[in-house]
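Student: Could you take me through the packing in this one, with a close look at the nonpolar core and the helices around it?

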Amino acid sequence: MENRIGLKSGEFLVKEVEAREVFIPEEFNEEQQMIAQTCRDFLNAEVIPNIDNTEKQDRELMKSLLKKSGELGLMGISVPEEFGGFGQSFVTQMLAAETIGAGYSFSVAFMAHCGIGTLPILYYGTYEQRQKYVTRLATGELLGAYCLTEPGAGSDANSGKTNARLSEDGTHYILNGQKMWITNAGFADIQTVFAKIGNDRVLSAFIVEKDFPGVVIGPDEHKMGIKGSSTAQIFYNDVKVPVENLLGKPGEGFRIALSILHMGRIKLGANVLGAAKKAINDSVQYANERKQFGVLISTFGAIKHKLAEQVIRTFAVESAIYRVSKDIDNLIEKYKSEGCDKGRASIDGISHYAVEAAILKVYGSEMLDFVIDEAVQIHGGMGYSAEMAVEKGYRDSRINRIFEGTNEINRLLVVDTAMKRAMKGDFDLFGEAAKIAQDLDLLSAGKPTGNLDYYSEKLQVVKNFKKIALLTIQGASKQFDKKLGQEQEVLNNISDIITEVYIAESLALRVQKIEALKGASAVSLYRDILDVYVYDAAGKIAKKAHDAVYSFAAPEDAEKLAKAVDILSAVKGVNSKDARRRIADKLIADNVYKF
Ligand SMILES: Cc1cc2nc3c(=O)[nH]c(=O)nc-3n(C[C@H](O)[C@H](O)[C@H](O)COP(=O)(O)OP(=O)(O)OC[C@H]3O[C@@H](n4cnc5c(N)ncnc54)[C@H](O)[C@@H]3O)c2cc1C
């Protein structure tokens with residue numbers, strides 16, 4: 001497919017793209033599939049057989065698994081060749097992240113090392129810092145950690161107290177403070193530590209080696225899940241950090257921290273996809289073995305409903321993940337062609353798509369929680385047994401809604417970032433919203449007519465969903481003005497609508513493109529997935545929009561707006577029972593996720 005620059009972040013709210021312009025997983029090339037297979041082989045050979053042992057919080061075992069993955073080259077996927085890696089595209093990085101996502105706590109340790117543990121230095125380090133550290137992080141010779149959170153500074157990350165004072169002779173900073181909840185703390189050799197220099201109000205970033213005198217690592221926390229991943233506090237007691245280990249410029253730390261979090265969020269979206277596919281496989285295989293009332297439980301409609309819904313949500317997330325990944329790749333290539341350094345081009349390309357990163361973090365983590373919860377339910381009592389993989393998956397899933405910015409923070413970010421980008425001039429959110437608000441009485445013109453072809457009708461429905469998003473943004477902004485930030489409940493409603501828009505549109509474009517590539521006979525089940533998804537999304541969007549409208553509008557306006565929402569969220573009826581049964585039947589016949 002062509003490498004044209006995609007829409008700007010958030011622009012999907014006001015602009016459409018054609019199916020041929022989006023990348024879909026069905027287009028992975030041979031090399032990408034080989035890399036995914038290598039990751040899968042490694043998980044099956046080394047990680048899965050050892051996973052119960054890692055649960056005993058054995059730091060040495062997790063460390064040795066990480067080292068082995070490094071020896072195999074898996075830690076160099078995101079790192080350019082000149083710094084010891086393989087410089088793979090962002091799509092490939094995401095495919096690797098997805099595959100590793102099936103590896104329970106190993107996945108968290110691996111992703112923390114390869115992402116937040118390595119990339120701050122790759123993206124913001126000097127040539128010397130990259131040569132000294134990244135080349136060895138890319139092979140697993142060194143292991144990395146990212147130290148932002150403190151006891152008093154979680155979501156409010158810039159409020160940390162860790163301090164760096166420049167020594168009188170100007171040769172080093174003296175670091176004092178405490179970090180907590182640090183992934184890989186137990187064995188990481190290199191830490192990116194965020195601290196304020198002197199009386200600064202903003203953070204700076206430092207590369208700290210674990211063996212610098214004064215670095216003290218606490219014992220591992222006792223956690224609900226991801227028990228194999230080392231999470232601990234780190235204390236810094238008069239640690240001398242050479243000035244050459246300042247990362248980026250003084251005061252640039254918060255920007256570095258946020259950019260790295262955008263990257264972490266979007267990769268978490270890929271990670272949870274791998275975990276969800278694993279949970280689906282466990283679910284269907286159990287349902288195909290377990291008999292009750294003389295038949296396999298996979299023959300029951302209630303179980304088929306669960307299996308199908310697991311597939312629908314997973315497939316939908318996948319569509320959005322790879323759509324935005326390719327948009328990111330295209331933007332990175334553009335920045336590089338304009339002369340930007342490779343590392344900077346990568347992080348700027350990823351950070352640009354902050355709206356989509358937050359969407360995928362929230363939607364992906366909640367998708368996995370749903371999928372694994374249903375996996376436990378399909379297992380009945382056995383799902384509650386610590387012997388079963390789904391029990392571990394259930395506990396491990398929960399953290400995804402908390403780290404890389406909680407889902408509360410990310411929901412707010414979806415709306416806030418889209419509005420800020422629009423105000424900056426990236427796209428005309430408010431102009432389009434005002435037009436729709438003015439035309440409230442004419443809104444029924446956008447209602448699906450029934451005369452459109454299948455995809456035009458679906459995309460028209462999505463376009464109507466966008467109008468609902470714009471109506472609520474416009475109404476809430478007008479009502480609350482500068483105090484909109486204090487109306488988090490309304491912002492959450494709007495955020496969820498925007499999220500459904502992006503996921504539904506990505507899914508529709510993917511199915512349309514599969515049909516263009518493989519023909520109509522190849523997509524009947526994909527059309528079922530799309531039908532059910534859009535039908536359900538319409539109900540969810542209508543509910544969220546009603547909640548928002550009745551919260552911000554005066555009663556007489558609220559009724560008018562609610563009516564507009566009803567018109568715009570109208571969709572053709574779908575026999576969702578039959579559609580879900582067909583989806584489940586394929587899964588049951590394959591006995592493994594093959595969509
Ligand atoms: C297993 C694990 C691994 C981790 N790994 C790392 C790591 O490697 N490096 C690192 O630096 N950190 C790490 N963290 C920390 C993690 O990023 C934080 O826990 C997270 O950012 C939330 O901060 P907090 O725990 O202080 O919660 P708080 O910020 O205290 O939040 C408590 C609740 O209040 C909500 N809340 C907070 N502010 C707002 C607001 N403005 N509006 C609405 N709601 C709000 C939150 O959403 C949450 O529901 C890890 C945490 C865990 C549990």
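**Core and helix packing**

Tutor: Sure. In this predicted model, the largest nonpolar core has 177 residues, and F106 and I498 are the ones with the most contacts inside it. The biggest contribution to this core comes from helix α8 (residues 253–287), which puts in 16 residues. Now zoom in on F106: leaving out residues up to four places away in sequence, F106 touches F42, L43, V47, I51, M62, L65, L66, S69 and I100. There's also a second, separate core, with 21 residues, including I182, A188, F206 and A232.

Back to α8, and how it packs against helix α10 (residues 342–352). Their axes come within 9 Å and cross at roughly 70°. Angles of 65 to 115 degrees count as roughly perpendicular, so that's what α8 and α10 are to each other. The crossing of α8 and α10 is left-handed. On the α8 side you'll find R255, S259, I260, H262, M263 and I266, and they meet R344, I347, I350 and S351 of α10. Sorted by class, that contact has five nonpolar, three polar and two charged residues.

Then have a look at helix α16 (residues 488–518) and helix α17 (residues 524–552). Their axes also come within 9 Å, but here the crossing angle is roughly 160°. Anything over 145 counts as roughly antiparallel, so α16 and α17 fall in that class. The crossing of α16 and α17 is left-handed, and the residues of their contact split into 17 nonpolar, two polar and seven charged.

Methods: Residues numbered from 1 in each chain as written. Predicted model: local features only at pLDDT ≥ 70, side-chain atom pairs only at ≥ 80, totals over all residues. Heavy atoms only, no water. Core = buried A, V, L, I, M, F, W, Y, C linked by side-chain atoms within 4.5 Å. Buried < 20%, exposed > 50% of the residue type's maximum accessible area, 1.4 Å probe, protein only. Helix = DSSP H or I, 4+ residues; strand = E, 2+ residues; numbered from the N terminus. Contact = heavy atoms within 4.5 Å. Axes fitted to C-alpha atoms, helices over the stretch in contact; angles between N-to-C directions. Parallel < 35°, antiparallel > 145°, perpendicular 65-115°, else oblique. Left-handed = near helix turned anticlockwise from the far one by under 90°. Nonpolar A, V, L, I, M, F, W, Y, C, P; charged D, E, K, R; others polar.
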